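User: I would like to work through this model in questions and answers, with the reasoning set out before each result.

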Amino acid sequence: MSKKNFINQTHLEGYLYSHKLEEAEAGPTSAHPGTKYIRGDIFIATDEERLNVIPVHYTYVTPTTNSGAANRTYAILKNIIDGKIGTHMDDGPEKAAMVRVDSSIALNEWHDQRDPNHPLVSQKRNEGGFIHLVTDRLKDIEERATFNTDIVITSTKRIEANDERGLPEKVIVKGYIFNFRGDVLPVEYSVLSPRPMDYFENIGATKNNPVFTRVSGQQVSQTIVKKVEEASAWGDTKITTVSSSYKDFVITFALPVPYEWNDESTLTAEELAEKLAKRELDLAELTKREDTYRKNKASAAITTNKATYDF
């Protein structure tokens with residue numbers, strides 16, 4: 001394996017559940033001013049009951065590719081926006097299109113301004129990738145929402161089951177994966193089966209002694225609905241419905257023999273340190289952009305109020 005060719009793949013297929021896509025135009029300060037593009041999310045229900053609904057995010061999809069050819073992904077997304085391709089929510093289950101997307105894991109990151117400490121929030125998401133219409137049949141259910149990534153594992157931790165929320169016992173695997181540019185992405189995966197849980201718990205991975213390997217598994221994104229019964233003072237029963245979302249990346253496979261760690265043929269500790277240093281610079285730039293956005297928004301609000309009352 002070349003250290004410059006890290007694996008980061010996801011595969012999704014199922015029924016087009018809904019979308020939050022929009023058409024936009026690149027601004028005057030962009031690299032290509034005036035370029036039309038599509039951004040937003042599509043949601044794919046990967047099971048027949050249409051309960052496991054996985055989003056795919058598109059940041060910048062233009063009508064043509066870099067080579068100048070027509071972009072088929074843009075054409076399909078445009079048809080979804082125009083209602084020419086049906087969704088479960090807009091057109092009903094019978095008219096929902098079957099789609100397939102081969103994407104990759106990215107991070108949607110921001111600082112939570114509601115918290116006084118402004119902690120960094122990092123959410124895994126499927127980002128980009130070609131979308132195709134499925135005209136024959138879907139794959140078996142186990143193959144409809146998968147991920148496959150190289151990962152530098154830095155820690156593992158067993159978590160007890162949470163019966164109240166309906167969450168099973170699991171082992172959390174923490175580490176770093178990589179995007180197509182080779183940038184480092186911190187992630188957490190879960191392991192639910194007993195033997196794999198024991199394997200990862202005993203693998204001995206730490207920040208100073210990481211384990212570099214490849215894992216694959218299933219993507220889960222469901223809403224769990226639970227009815228809670230509570231007896232009143234006079235004997236009647238009150239039933240309350242409680243909903244909670246459950247999103248996870250569940251490992252079901254790992255290489256029998258991990259990659260060689262700290263080796264020129266795979267990845268050295270020095271290279272990982274350089275990638276982590278770059279990530280810190282990227283996060284500093286993210287903070288700067290967020291601060292600029294808030295200041296501009298506040299300035300615009302002041303200007304608007306002044307224009308409203310200055311007469």
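User: Which residues have the most contacts inside the largest nonpolar core?

Analyst: The model is a predicted one, and its largest nonpolar core has 21 residues. Two or more of these residues come from each of S5, strand S8 (145-159), S9, S10, helix H3 (194-201), S11 and S12. Within the core, the residues with the most contacts are Ile 151, Val 173, Tyr 189, Phe 200, Val 215 and Ile 251.

User: Which element gives the largest share of this core?

Analyst: The candidates that each supply at least two residues include S8, S9 and H3. The largest share amounts to four residues, and the element that provides them is S10.

User: How many helices and strands does the protein chain have, and what part of its residues is buried?

Analyst: The C-alpha trace of the chain spans about 70 × 70 × 50 Å along its principal axes. Its secondary structure comes to four helices and 12 strands. Of the 311 residues in the chain, the buried ones make up 39%.

User: How are the rings of Phe 6 and Phe 178 arranged, stacked or edge-to-face?

Analyst: The count of aromatic pairs comes to eight. In the pair of Phe 6 and Phe 178 the centres are 4.1 Å apart and the planes make an angle of 20 degrees. Planes under 30 degrees apart count as stacked, so the arrangement of Phe 6 and Phe 178 is stacked.

User: Why can this pair be said to tie together parts that are apart in sequence, and by how many residues?

Analyst: Phe 6 lies in the segment before strand S1 (8-25), whereas Phe 178 belongs to strand S9 (residues 170-178). Both Phe 6 and Phe 178 are buried. Because the two rings sit in these two places, the pair ties together parts whose separation in sequence is 172 residues.

User: Which residues form one aromatic cluster with Phe 6 and Phe 178?

Analyst: The stacked pair of Phe 6 and Phe 178 is part of one aromatic cluster. The other members of that cluster are Phe 212 and Tyr 259.

User: What is the relative accessible area of Tyr 199, and what is that of Phe 200?

Analyst: The ring centres of Tyr 199 and Phe 200 lie 5.0 Å apart with the planes at 80 degrees, so this pair is edge-to-face. Tyr 199 is partly exposed, with a relative accessible area of 35%. Phe 200 is buried, and its relative accessible area is 2%.

User: Over the face of which residue does Arg 50 lie, and at what distance from the ring centre?

Analyst: Arg 50 is placed in the loop between S2 and S3, and it counts as buried at 14% relative accessibility. Its phi is near 65 degrees, a positive value in a residue other than glycine. Most residues other than glycine have a negative phi. The face over which Arg 50 lies is that of Tyr 15, and the distance from the ring centre is 3.8 Å.

User: What is the phi of His 118?

Analyst: His 118 is found in the loop between S5 and S6 and is partly exposed, with a relative accessible area of 35%. Its phi is a positive value in a residue other than glycine, near 50 degrees.

User: Which element supplies the largest share of the lining of the largest pocket?

Analyst: The largest pocket holds about 1600 Å³ of space and is lined by 45 residues, with Thr 59, Glu 127, Asn 179, Phe 180 and Arg 181 nearest its centre. The lining divides into 14 nonpolar, 18 polar and 13 charged residues. Among the elements that give at least two residues to it are strand S3 (53-61), strand S6 (120-127) and helix H4 (269-309). The largest share, seven residues, comes from H4.

User: Which residues lie closest to the centre of the second largest pocket?

Analyst: The second largest pocket has a volume of about 740 Å³, and its lining divides into 10 nonpolar, eight polar and seven charged residues. Of the 25 residues in that lining, the closest to the centre are Gln 123, Lys 124, Arg 125, Lys 247 and Phe 249.

Notes. Residues are numbered from 1 along each chain as its sequence is written. This is a predicted model: local features need pLDDT of at least 70, side-chain atom pairs count only at pLDDT 80 or more; totals for chains, interfaces and linings use all residues. Side-chain values use heavy atoms; hydrogens and water are left out. Rings of Phe, Tyr and Trp (its six-membered ring) pair if their centres lie within 6.5 Å; planes under 30 degrees apart count as stacked, over 60 as edge-to-face and the rest as tilted. Buried means under 20% relative accessible area, exposed over 50%, partly exposed in between (1.4 Å probe, protein chains only). A charge sits over a ring if NZ of Lys or CZ of Arg is within 6 Å of the ring centre and within 35 degrees of the ring normal. On a 1 Å grid over the protein atoms alone, a cavity is a set of points where a 1.4 Å probe fits but cannot get out, and a pocket is an open set with protein on both sides within 12 Å along at least five of seven lines; lining residues have an atom within 4 Å of a point. Grid points are joined across faces, edges and corners, and a volume is the space filled by probe spheres set on the points. Ala, Val, Leu, Ile, Met, Phe, Trp, Tyr, Cys and Pro count as nonpolar, Asp, Glu, Lys and Arg as charged, and the others, Gly among them, as polar. A nonpolar core is a set of buried Ala, Val, Leu, Ile, Met, Phe, Trp, Tyr and Cys residues joined through side-chain atoms within 4.5 Å.
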